[in-house]
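Please work through the following exercises with the sequence and the structure at hand. Each task is followed by a solution in steps.

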Amino acid sequence: MKDRDQWNSKVGFLLAAIGSAVGLGNIWRFPYVAATNGGGAFLLPYFFAIITAGIPILILEYTMGKTFRGGAPVTWARMNRRFEWLGWFQVMIAFIIAVYYFAIVVWVVSYIGFSFTQAWGADPSSFFVEYLGLTDSALNLGGIQTSLIIPFVIIWAIAAFIMYKGVSKGIEKACKICLPILFVLMLVLVIRGVTLPGAVDGLEYMFKPDWNALKDPSVWVAAYGQIFFSLSIAFAIMLAYSSYLPKKTDVVNSAFITATANHGFELFAGIGVFSIMGYMAMMQGVPVSEVAGAGIGLAFMTFPTAISALPALNALFGICFFGALFTAGITSLISILQAVVSGFHDKFEMSHKKAVTVVMVPAFLLSFLFITGAGMNILDIVDAFINNIGIASAGVIEVILVTRFFNPEKLRQEANEFSNFSIGRWWVFSLRIVTTVVLGIMLFLNTKDYLYN
Ligand code: PHE
């Protein structure tokens, strides 16, 4: 197809893939999931999940993308005509995530601004509620928050600029700029964190192994749940990214590098986040478990409190923290937009610019919901559904289709063709048995929780 882009270099592709994988989840989700699922002992099931699901599926998606060269719907259709719908299902999940992930990046940008003066004051929780214009009524679409309009427009402008520029000139370049910045910001936070009094308590909370946790099946499910979101697999992103790879790429090695960098960054961010939590707990004279948290609460309520409590240079560390969330978030946001854009571009053979417009305009309009007072409630509902059911079902269907209705041996040969390190039959076994079974159980448990809680 005529204006189909290609990565400039393998390093460029890897940076983009790592940029996608390293996102908000690495900073605000992983450390907490680890801490509350056995601490240091969690690293064992997590490692197991990386080896039996994360890396095998990453290799699978890289191989499919590079071999069939299309966004998710076209790639699935080229494997087997009857599989196209799965591609659209994955693209739909990506689109929904894009819309609300975007909202979070908007809040993050505001908070970079608030960091200068610690505008959140003594009570960051009520500040956040006020900032979002949250009300008791769950669906208050009326009040548009004027303070959100400027960051909203800034983020859309940045995202549109990168997306219109395309894969190599836009996404690849943006990741080359953002990733080193993210690393430096996180490094500053880690150094500050570990040199604070109380840091050890925070780190102990996150890393102290509770070996009994390994007997609890929910810990294993948590490990598999985390790896899917964390590596951006099963929702069209890695399929799309690898479809812009030259045919001769070593996909096995690329998958290992992506997974290692992603996990390394998670651990690194965990050290930064939890050492600072430890300090805060000490200052408040409470155990770390009382202040520890994840997600939106951690970023917009707990962390501002911690930043204000630091002994000096509070503004600087605030900017580092929200700057890290921003750089991590934007490189994930563009990856998920590209997952959707490539779906339309390849299926309907439209120009790249047109595909970007077709995706970005409705995404833009829908994201308006998030600058109303109902934004946070909508986000909660959608996020719970996508995380518990959407990604797990897309993942399970993906491995079932590939291993039962397609010959995975063919893909294994394709993956090995240009790879230094050949993958053995364990790969097919991991997908066919381990991943299918664990994901099936996970989907079942999540659905049950979702429906009855
Ligand atoms: N891996 C990302 C994260 O950890 C997940 C993600 C990717 C979310 C792309 C949105 C968009 O945050």
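The exercises below concern a predicted model and treat helix packing, the ligand shell and single residues.

**Exercise 1.** Determine how helix H7 and helix H15 are oriented relative to each other, and which residues form their contact.

*Solution.* Begin by locating the two elements: H7 covers residues 146-165 and H15 covers residues 314-348. Their axes lie 10 Å apart and the packing angle is about 55°. Angles under 35 degrees count as roughly parallel and those from 65 to 115 as roughly perpendicular; H7 and H15 are therefore oblique to each other. The crossing of H7 past H15 is right-handed. Next, identify the contact: H7 contributes Ile158, Ala159, Ile162 and Met163, while H15 contributes Ile330, Leu333, Ile334, Leu337 and Val341. Finally, sort these residues by class: nine are nonpolar, none is polar and none is charged.

**Exercise 2.** Carry out the analysis for helix H6 and helix H14, stating the angle, the handedness and the classes of the contact residues.

*Solution.* H6 spans residues 124-132 and H14 spans residues 295-309; the axes are 8 Å apart and the angle is about 140°. Only angles over 145 count as roughly antiparallel, so H6 is oblique to H14. H6 passes H14 in a right-handed crossing. On the side of H6 the contact involves Pro124, Ser125 and Phe128, and on the side of H14 it involves Phe300, Met301, Pro304 and Thr305. By class, five of the contact residues are nonpolar, two are polar and none is charged.

**Exercise 3.** Describe the crossing of H3 and H4, then examine Arg69 in the loop between them.

*Solution.* The axes of H3 and H4 come within 9 Å and cross at roughly 85°. The two helices are therefore roughly perpendicular to each other. Met64, Gly65 and Phe68 of H3 meet Thr75, Arg78 and Met79 of H4. This contact holds three nonpolar residues, two polar residues and one charged residue. Turn now to the loop between H3 (43-68) and H4 (72-79), where Arg69 is situated. Most residues other than glycine have a negative phi. Arg69, although not a glycine, has a positive phi of about 50°. Arg69 has 19 other C-beta atoms within 10 Å and is partly exposed, because the cut-off for a buried residue is 20 or more.

**Exercise 4.** Characterise the surroundings of the ligand, and then the residue Ser232.

*Solution.* The ligand has 15 residues around it, of which Gly23, Gly25, Ser232, Ser332 and Ile336 come nearest. Two or more residues each are supplied by H1 (10-21), H2 (24-36), H5 (84-115), H10 (217-230) and H15. The shell comprises seven nonpolar, eight polar and no charged residues. Ser232 is located in the loop between H10 and H11 (237-242). Its phi is near 55°, a positive value in a residue other than glycine. With 30 other C-beta atoms within 10 Å, Ser232 is buried.

**Exercise 5.** Decide whether Val11 is buried or exposed, and state how far Val11 lies from Ile257 in sequence and in space.

*Solution.* Val11 belongs to helix H1. The number of C-beta neighbours inside 10 Å is 12, so Val11 counts as exposed. Val11 and Ile257 are separated by 246 residues in sequence, and their C-alpha atoms are 11 Å apart in space.

Methods
Residues numbered from 1 in each chain as written. Predicted model: local features only at pLDDT ≥ 70, side-chain atom pairs only at ≥ 80, totals over all residues. Axes fitted to C-alpha atoms, helices over the stretch in contact; angles between N-to-C directions. Helix = DSSP H or I, 4+ residues; strand = E, 2+ residues; numbered from the N terminus. Left-handed = near helix turned anticlockwise from the far one by under 90°. Contact = placed C-beta atoms within 7 Å. Nonpolar A, V, L, I, M, F, W, Y, C, P; charged D, E, K, R; others polar. Near = placed C-beta within 6 Å.
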